[in-house]
Amino acid sequence: MDIWFSQMDTENVKTSIRVDKQLFSETSEYQRIDVFESKEFGKMIVLDGEIIFSEADEFIYNEMVVHVPMAVHPHVRNVLIIGGGDGGVARVCTQYPEIETIDVVEPDELFVRVSREFFPETAKGFDDERVKITNVDGLRFLRRCQNQYDLIINDSTDPFGHTEGLFTREFYGKCYRALREDGIMVYQHGSPFYDEDEMAFRAMHRKVYRSFPISRVYQASIPTCPAGYWMFGFASKKYHPLLDFDPKRWNARGIQTWYYTTNLHRGAFMLPKYIEELLEEEENRHE
């Protein structure tokens, strides 16, 4: 008997993956968490019906949110990860010996436990002594931070539900305040390919563009994301992701990757025409 997991990308588009079995299903205080085993993607974790990552492609997302800012900022010591309950972003951060602290702010304790149990290779970053997990709301945590971090990575799921507060102008303003004078914020920007996602994409860029002096968007191909195409935001008080990019310094580290390269870094910021136009429209909008 065939068993399929289906994700509704839009009202008219459904992504379906054949699964061997369901390994876990439970509803936490925040969301429903499911884990499936599949032939094509290995184990997958699903939150409220949407694939968050799979064993086959998690490295793409995690490398792109960490290595891009780390190849730009010359001296990251303190990192804040908002969300990140699967441990993947923390795991990549631990590849950098100069990072002194990695604070992971994930409100859902069950999500962390499930990730540790079913995705130990992803969650092993939590075992690093520099990593501290705090189970509180990200915005509440930020309200008590000032001039504290060199890098903030917003790894929360989407701008709806219990994470909605992490996509507001207040949130980005609090991130700005929590960063040091040369700090960088990286965040997942979604994808504007489907019409119903375009407005959230536009609003996010508009808010960040008005909060930071430097704001750019970059891209990656991630098979389990809607349309297989995902975007990230790079916001900074000082550093430009291309003008201040130092490929020689990063390559000298000898970090092993599966996706990120310094050549790819440059190319990731070269966006399709329709996305350039969307971003420019929001930057020029008068409110």
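**Exercise 1. Where is the place of N147?**

Task: locate N147, then describe its backbone and its exposure.

Solution. This is a predicted model; local features need pLDDT of at least 70, side-chain atom pairs count only at pLDDT 80 or more, and totals for chains, interfaces and linings use all residues. Residues are numbered from 1 along each chain as its sequence is written, and side-chain values use heavy atoms, with hydrogens and water left out.

- Step 1. N147 sits in the loop between α5 (138-142) and β9 (149-155). Helices (H or I, at least four residues) and strands (E, at least two) are DSSP runs, numbered from the N terminus.
- Step 2. N147 is not a glycine, yet its phi is positive, near 50°.
- Step 3. N147 has 47% relative accessibility, so it counts as partly exposed. Buried means under 20% relative accessible area, exposed over 50%, partly exposed in between (1.4 Å probe, protein chains only).
- Step 4. D48 also has a positive phi, of about 50°, without being a glycine. D48 belongs to the loop between β4 (42-47) and β5 (50-54).

**Exercise 2. The sheet**

Task: give the strand order of the seven-stranded open sheet and find its edges.

Solution.

- Step 1. The order is β8-β7-β6-β9-β10-β12-β11, and the pairing is mixed. Two strands pair if DSSP finds at least two bridges between them.
- Step 2. β8 (131-134) and β11 (214-221) are the edges; each has a single partner strand, so one side of each lacks a neighbour in the sheet.
- Step 3. From one strand to the next, the twist averages 20°. Axes are lines fitted to C-alpha atoms, for helices over the stretch in contact, and angles run from 0 to 180 degrees between N-to-C directions.
- Step 4. β11 and β12 (residues 229-236) run antiparallel and are joined by eight bridges. Y218 has F232 of β12 as its bridge partner.

**Exercise 3. Helix α7**

Task: describe how α7 packs and where R202 fits.

Solution.

- Step 1. α7 (residues 195-209) packs on the sheet, touching β10 (179-190), β11 and β12. Its direction makes about 175° with that of β10. Contact means heavy atoms within 4.5 Å.
- Step 2. The 15 residues of α7 reach 22 Å from first C-alpha to last, close to the expected 21 Å. The expected span is 1.5 Å times one less than the number of residues.
- Step 3. The buried residues of α7 include E198, F201, R202 and M204. Among the elements covering the buried residues are α6 (169-178) and α10 (273-283).
- Step 4. R202 has 10% relative accessibility, so it counts as buried. Beyond its neighbours within four places in sequence, R202 contacts L278, E281 and E282.

**Exercise 4. The nonpolar cores**

Task: identify the residues that touch the most other members of the largest nonpolar core.

Solution.

- Step 1. A nonpolar core is a set of buried Ala, Val, Leu, Ile, Met, Phe, Trp, Tyr and Cys residues joined through side-chain atoms within 4.5 Å.
- Step 2. The largest core has 43 residues; V66, C93, Y218 and F232 touch the most other members.
- Step 3. α1 (58-70) is one of the elements giving two or more residues. α1 gives the most, with eight residues.
- Step 4. Leaving aside neighbours within four places in sequence, C93 contacts V66, V79, I81, I99, I102 and I153.
- Step 5. A second, separate core has 20 residues, including I82, L139, F171 and A178.
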